[in-house]
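Reader: I would like a close look at how the aromatic and charged side chains are arranged in this model. Please take me through them with care, beginning with the aromatic rings.

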Amino acid sequence: MKRVIRVLLKIILGLFILIFLALLILPVFLKKPAMKKAETELNNMLNAELGFDDVKLSFIRNFPRLSVGLEGLTVMGVDEFEGRKLVGFKSFRIIVNLASLLSKEGVEIRSVIIDTPEINALILENGLANYDIMKESEQDTEDPEEEAEGPDIKLRLNKFSIINAKIIYTDHSSNIKASLEDFDFSMSGKLGTSHTEIRLQADAGPVNVVMDHIPYLKDVNLNVDMGLAADLDNMKFSLIDNEFALNDLVLQLEGDIDLGGEDPEMDISFNSLNTAFKSLISLVPAIYMNDFQELETSGSLKLAGSVKGFYIEKDSIYPDVIMKLEVEDAMFKYPDLPTAVENINISLKLDVDGEDMDRTKFDLDNFSFTVEGNPVVAELHLKTPLSDPWIKAGIEGDMDIGALSAAIPVEGIDMRGNLSSGFSLEARLSSIENEAYQDIDAAGSIELNAFKLDMQELPVSLEISGARLDFDPGMLELSQLDMMMGESDIHLKGKLDNYLLYTLKDEDLQGAFVLSSSNLNINELMPEMADEEELAEDDTLSMSLIEIPANVDFSFSSELSHVEYDNLIIDDLQGEILIKDSKLILDRLFMKILDGSMLVNAMYLVSDSLVPEVNMDLSVKDIDIASAFKSFNSVQALAPFAKDLKGEVSASLKYSGELDKTMMPDISTIDGSGRLSSREISIVSAPVFDKMKELLKSDKAISNTMKDINISFRIIDGRVIVTPFDFKMANVPASLSGSHGLDQSLDYKLEMNIPRETLGSGANALIDQLGSGAASLGLAYDPEAPIAVNFLIGGVIGNPELSMGAGESSKDIVKKQVEQEVTKKIEETKQEIQKKVEETKQEAREELNKEIEKIMADAEREAENIRKSARDVAEQVKKEAEANAVKIEKEAEGRGSIAKSIANKAADKLREEGDRKARQIVNEADAKAEQLLREAREEADKLK
């Protein structure tokens with residue numbers, strides 16, 4: 001009996017080991033097909049590129065449940081979002097009830113854990129979103145009753161957690177950017193039952209929210225501890241025992257959310273748990289980040305509000321929002337600082353009407369404080385924000401900036417000075433648009449005196465001795481701004497027009513200013529830049545892309561007596577600097593530079609590819625070559641041999657190209673042309689001329705001085721192409737042509753007419769022999785005439801390779817001279833004969849030209865008729881598109897902001913389509929007209 005029991009125990013133990021090994025080994029065999037299947041199925045569902053590093057299946061880790069995990073998953077965008085990551089995370093793991101895989105009741109998921117996710121949500125200006133990646137399912141178009149039945153998935157979720165997430169949301173269409181980092185989230189509760197309680201806990205920091213370039217939250221810490229009583233059958237939730245905290249401001253939420261109906265409904269109220277003023281100012285970064293816990297405060301705080309109503313998307317109806325904030329007799333002071341901010345009072349109310357957003361009201365009845373006995377009082381009111389915004393605002397007070405800086409210290413910033421302000425505004429947008437200035441109340445001024453700013457980001461102190469800005473309904477006038485930055489003095493005055501429409505409707509802001517300075521040291525004002533090698537190793541050192549705003553139209557009339565930039569000294573700089581249509585324009589900017597002068601016309605813009613571009617038109621006169629080489633990187637790249645030259649040049653250059661990450665010209669992208677002239681240039685280092693003397697066996701040195709230079713050149717695909725030009729090397733006539741590249745390669749041809757006396761004795765004996773032979777043939781060959789020599793210059797700059805033609809010797813050179821003389825005599829005879837023939841043909845040619853002129857005139861009249869008809873039709877198409885667009889916009893009036901926004905986009909689309917069709921009609925007509933002219937020219941050519 002004992003033996004039987006031992007045998008049974010061994011069998012049971014063996015079966016247990018076999019099952020354990022099967023559970024351990026089975027995932028290894030299932031892994032590859034599971035990875036392939038998962039990746040294929042997911043990519044079939046998405047308009048995106050999905051990939052992951054590994055799939056992990058385990059029966060042991062959470063036995064008797066199955067653990068399934070994806071590691072290193074990334075989702076990359078396609079089309080407009082190609083190369084941009086939407087989602088990525090370290091691992092994603094779910095735990096499934098193993099027995100439910102075989103159950104008819106469906107699969108039961110017990111927990112979900114997401115580790116280190118990164119989410120980058122992006123909406124483009126045209127409304128396209130990178131997270132809209134789900135492909136339309138074929139089943140979406142079928143009758144739900146006809147869909148194939150599949151296994152149910154039960155959500156008996158005990159745990160859902162997110163660990164260390166980073167989420168970034170960027171909406172270019174609404175100019176919103178929000179982000180949160182170090183985000184941890186956990187949800188617990190039994191979600192598989194009809195009635196349950198769910199616990200949500202989350203914390204994150206920093207949290208940032210920016211709207212229209214205004215930071216509403218900056219580096220804020222977020223904590224959420226929320227309880228929900230859930231009726232999952234009816235999708236109704238009640239908030240219980242919860243807190244929502246931003247830094248030290250803790251809010252309590254109460255109410256209900258009903259998601260069971262077609263339109264969600266909510267009735268939520270909130271109020272601040274802590275009534276101390278200190279909790280509110282924790283949201284001010286400058287205060288919160290400087291020993292906040294030791295801050296002395298007093299005063300009361302009341303913050304309360306509600307969100308109540310339905311969200312009906314189709315009718316653009318939203319819940320009503322009410323918020324009230326009251327601060328009374330508050331103060332704060334850092335214990336180790338002498339100054340306090342006192343008598344702080346705030347009275348604010350926001351009332352948002354979700355059914356008619358135009359009834360929304362914002363009232364800041366009072367915002368006031370005192371610093372060292374100097375009071376500041378402000379107010380702001382807004383009504384009818386959609387139909388015709390009415391705004392009332394005002395600020396008045398005198399402020400000791402040094403005292404305020406002492407009360408609210410900001411690390412690395414020290415300020416002092418006096419600011420006086422008195423400004424009021426009351427107006428409707430319609431009055432501003434119609435320039436009905438009699439209905440606008442806008443007056444006041446802001447004055448700044450004895451101001452000084454020291455901060456870590458500025459290499460020198462900023463001092464403003466005096467500045468004054470005056471307001472009226474039509475313009476802002478900067479009557480004075482006198483500023484010193486280190487050695488540099490800067491003076492600015494001018495006017496700003498349309499400032500109210502710019503503020504309220506983001507329309508163009510126009511301004512005209514006069515900028516002057518007696519000394520401007522830009523080197524002192526700019527932080528030292530890393531050299532190019534450092535920039536190549538670390539892209540984070542690159543300069544930021546400078547974008548020019550589209551709705552700014554500024555002109556600066558500049559008069560700068562002395563400017564220092566890098567190693568350049570510039571005097572008497574005068575001209576116009578324009579900012580317009582997203583471009584920076586230099587208009588006839590004249591300066592004295594490098595012992596000469598320069599006139600610059602230039603334009604800087606950032607294209608749709610976000611690559612900065614420059615169009616430049618330069619004219620320089622009598623500048624020193626050596627100084628130009630040292631001062632300009634472009635000269636070093638385009639003309640590296642200039643370092644061996646001495647003299648003065650005048651030049652003109654037109655080019656277009658891109659800028660690199662250091663905001664310097666990318667020489668490889670330059671396309672341009674120009675001219676260069678000089679009376680005399682000396683070559684300081686001349687190894688190429690030593691090689692010329694050696695090849696010619698010359699007794700006398702070839703001069704390294706070039707005279708009467710006039711060069712035309714082109715810059716294409718990284719090569720400088722020089723057209724043939726004549727010059728003199730001492731008394732030796734010469735011609736040079738060819739090109740050199742950014743890779744330092746040389747490809748030039750130098751043609752010279754060398755006097756006989758500069759050649760060696762061997763060459764002179766040969767010339768005498770060939771001269772007597774030519775005389776016996778009756779040729780007028782002069783042995784004393786200069787010898788034509790061709791040199792080919794190759795290799796690279798610094799180590800040129802020199803050859804004479806295709807390896808010509810001195811004998812070949814002189815022989816070639818005789819052959820050229822024979823050819824010249826033959827050519828002269830041919831020209832005499834040709835002249836007589838041409839005289840006979842002249843009369844017939846004149847008659848033929850009259851016929852050709854008639855053919856072309858008729859063709860041009862017909863082509864112009866075609867173009868005119870096309871322009872008339874195109875104009876009619878545009879008018880019809882505009883009429884339809886206006887009709888759509890009018891039909892949307894009064895139907896809510898969402899409907900109006902959609903109508904505006906549809907109208908813009910109609911206008912764009914009308915413009916496109918009009919352009920197409922005109923282009924097709926132009927092509928037809930060109931074809932007609934081409935055929936006429938071909939007919940005319942046949943007559944020639």
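Author: F160, F183 and F185 come together as one aromatic cluster, as seen in a model that is predicted. Counted by ring-centre distance, the aromatic pairs number eleven. In one of them, the ring centres of F367 and F369 lie 6.0 Å apart with the planes at 65°, and because planes over 60 degrees apart count as edge-to-face, that is how this pair is classed. The pair's two members are not equally covered: F367 is partly exposed, with a relative accessible area of 32%, whereas F369, at 15%, counts as buried. The rings of F554 and F556 are also edge-to-face, with their centres 6.3 Å apart and their planes at 80°. Here F554 is buried at a relative accessible area of 15%, and F556 counts as buried at 17%, because the limit for that class is under 20%.

Turning to charge, side chains of opposite charge can pair when their charged atoms come close. Across the whole structure, a search finds twelve salt bridges. One of these joins the side chains of D225 and R199, with an N to O distance of 2.9 Å. This contact links distant parts of the chain, since D225 sits in strand 10 (residues 214-231) and R199 in strand 9 (residues 195-211), 26 residues apart. Both partners are partly exposed, D225 with a relative accessible area of 30% and R199 with one of 26%. A further salt bridge, at 3.3 Å from N to O, is made by the side chains of K592 and D572. That pair, too, links distant parts of the chain, with K592 in strand 29 (residues 583-593) and D572 in strand 28 (residues 568-580), 20 residues apart. K592 counts as partly exposed at 42% relative accessibility, and D572 counts as partly exposed at 32%. The side chains of K749 and E751 likewise meet in a salt bridge, 3.3 Å from N to O, where K749 is partly exposed at 31% and E751 is partly exposed at 34%. Through salt bridges that share partners, R199, D225 and D241 are joined into one network.

There remains a group of acidic residues at the surface, where E181, D182, D184, D203 and D219 form a negative patch. Strand 8 (residues 176-188) supplies the largest share of this patch, namely three residues. D182 is placed in strand 8, and D182 is partly exposed, with a relative accessible area of 43%.

How values were computed
Residues are numbered from 1 along each chain as its sequence is written. This is a predicted model: local features need pLDDT of at least 70, side-chain atom pairs count only at pLDDT 80 or more; totals for chains, interfaces and linings use all residues. Side-chain values use heavy atoms; hydrogens and water are left out. Patches are made of residues with over 30% relative accessible area and no salt bridge: like charges are joined within 9 Å, nonpolar side chains (Val, Leu, Ile, Met, Phe, Trp, Tyr) within 5 Å. Accessible areas come from the Shrake-Rupley method with a 1.4 Å probe; for residues, only the protein chains shown count as cover. A salt bridge is a side-chain nitrogen of Lys or Arg within 4 Å of a carboxyl oxygen of Asp or Glu. Lys and Arg count as positive and Asp and Glu as negative; His and the chain ends are not counted. The place of a charge is taken as NZ of Lys, CZ of Arg, CG of Asp or CD of Glu. Helices (H or I, at least four residues) and strands (E, at least two) are DSSP runs, numbered from the N terminus. Buried means under 20% relative accessible area, exposed over 50%, partly exposed in between (1.4 Å probe, protein chains only). Rings of Phe, Tyr and Trp (its six-membered ring) pair if their centres lie within 6.5 Å; planes under 30 degrees apart count as stacked, over 60 as edge-to-face and the rest as tilted.
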